[in-house]
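Work through the exercises below with the structure in view. Try each task before you read its solution.

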Amino acid sequence: GAAGLVCAETLRQEGFSDRIVMCTMDRHLPYDRPKLSKSMDSHPEQIALRPKEFFRTYDIEVLTEMQVAAVDIKNKTAVFKDGFKMEYNKLLIATGNTPKSLSCKGKEVENVFNIRTPEDATRVVKLATSKNVVIVGASFLGMEVAAYLTERAHSVSLVELEEVPFKKFFGERVGRAVMKMFESNRVKFYMQTEVSELREQEGKLKEVVLKSGKVLRADVCVVGVGAVPATGFLKQSGINIDSKGFIVVNKMMQTNIPGVFAAGDAVMFPLALRNNKKVNVPHWQMAHMHGRIAALNMLAHGMDISTVPYLWTAMFGKSIRYAGHGEGFDDVIIQGDLDELKFVAFYTKSDEVVAVASMNYDPIVSKVAEVLAASRTIRKRDVE
């Protein structure tokens, strides 16, 4: 992924001339995974982060379809699933997340997908064309997939436990505005319920049964109900992992083991703008930054991470931008017009702005990110 690639690139940019090996379970060279839910019929080459030649030019070895089963910190060795072993001087763990599956009856029926690879995404588009789609989970992935498929599918239904999409992330009012935009684009929502059964006909998905008793026709189902860190292989390693499975690192992206670094979606790291509170920020931009900081510290440059989280998502040609870290916000101040989808939302905790989101309101989010990056505090009254 991005964290591993940026780490390798940075090492070369900074003059490291020794051997660099990247290992991935994927069959492709590093690609832009978040694009899989935004433009679903992309070929791996179209979303590759670097062309094949790049890896040859900079002498970065990539082992595809190779899974590390254990890390032996005493002997500084990565042990692969097939028994192959490889020694390291410095190690970066950037294994990301594993999507959660449904645990309901009939979960092994055909045509139920987690979108994880370009093959998954293109297969879903093919199966969804002029057919009935059910998406479980109003996550970023679920909502982006819904937005992408509405023009292609006969029907798109979205099932979610919360009462509005993105409630924890964007708050209720912004979530409702986004939901209205989706509804006006023919997406049907089934909220505050979950899937109790997937029914098949001749082995293939035919219906999705909800706990509310409602039965939805479905030819294909996409599951976007969250993910867990892909760190199970580190359980016995001695590398510090928290109760949720995240790898704990310091400001230099170092684990508790000298020479072992971690980056990307699988880590908990200290966030400067929240008083170095340890957080997990599974954003694209953050993974890049983690990889860069890890590389600089592998080369003993003594660099701390201090970036402001930033993300965007695009749905129906509208993009939402977001900066900061809103976890635990207790109030939202909205300016502009939610119905017109032209607004900015400031997320506050006690008296302090901790995050901002906007739609059709540039460049406010970038401006706020700049202020936060300069370690300046924005108070409620500044916004009001």
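**Exercise 1.** How many helices and strands does the secondary structure of the protein chain come to?

*Solution.* This is a predicted model, where local features need pLDDT of at least 70, side-chain atom pairs need 80 or more, and totals for chains, interfaces and linings use all residues. Residues are numbered from 1 along each chain, and side-chain values use heavy atoms, without hydrogens or water. Now count the DSSP runs: helices are H or I with at least four residues, strands are E with at least two. The result is 10 helices and 25 strands.

**Exercise 2.** Find out why the protein chain counts as being as compact as a globular protein of its length.

*Solution.* Take the radius of gyration over C-alpha atoms. It is 22 Å. Next apply the globule rule, 2.2 Å times the number of residues to the power 0.38. For 384 residues the rule gives 21 Å. The two values are close, so the chain is as compact as a globular protein of that length. The C-alpha trace spans about 60 × 55 × 40 Å along its principal axes.

**Exercise 3.** Is Ser42 buried or exposed?

*Solution.* First locate Ser42: it sits in the loop between α2 (35-38) and α3 (52-57). Then recall the cut-offs: buried is under 20% relative accessible area, exposed over 50%, partly exposed in between (1.4 Å probe, protein chains only). Ser42 has 8% relative accessibility, so it counts as buried. Across the protein chain, 49% of the 384 residues are buried.

**Exercise 4.** Which residues is Ser42 in contact with, leaving aside neighbours within four places in sequence?

*Solution.* Contact means heavy atoms within 4.5 Å. Ser42 meets this with Ile47, Pro118 and Thr122.
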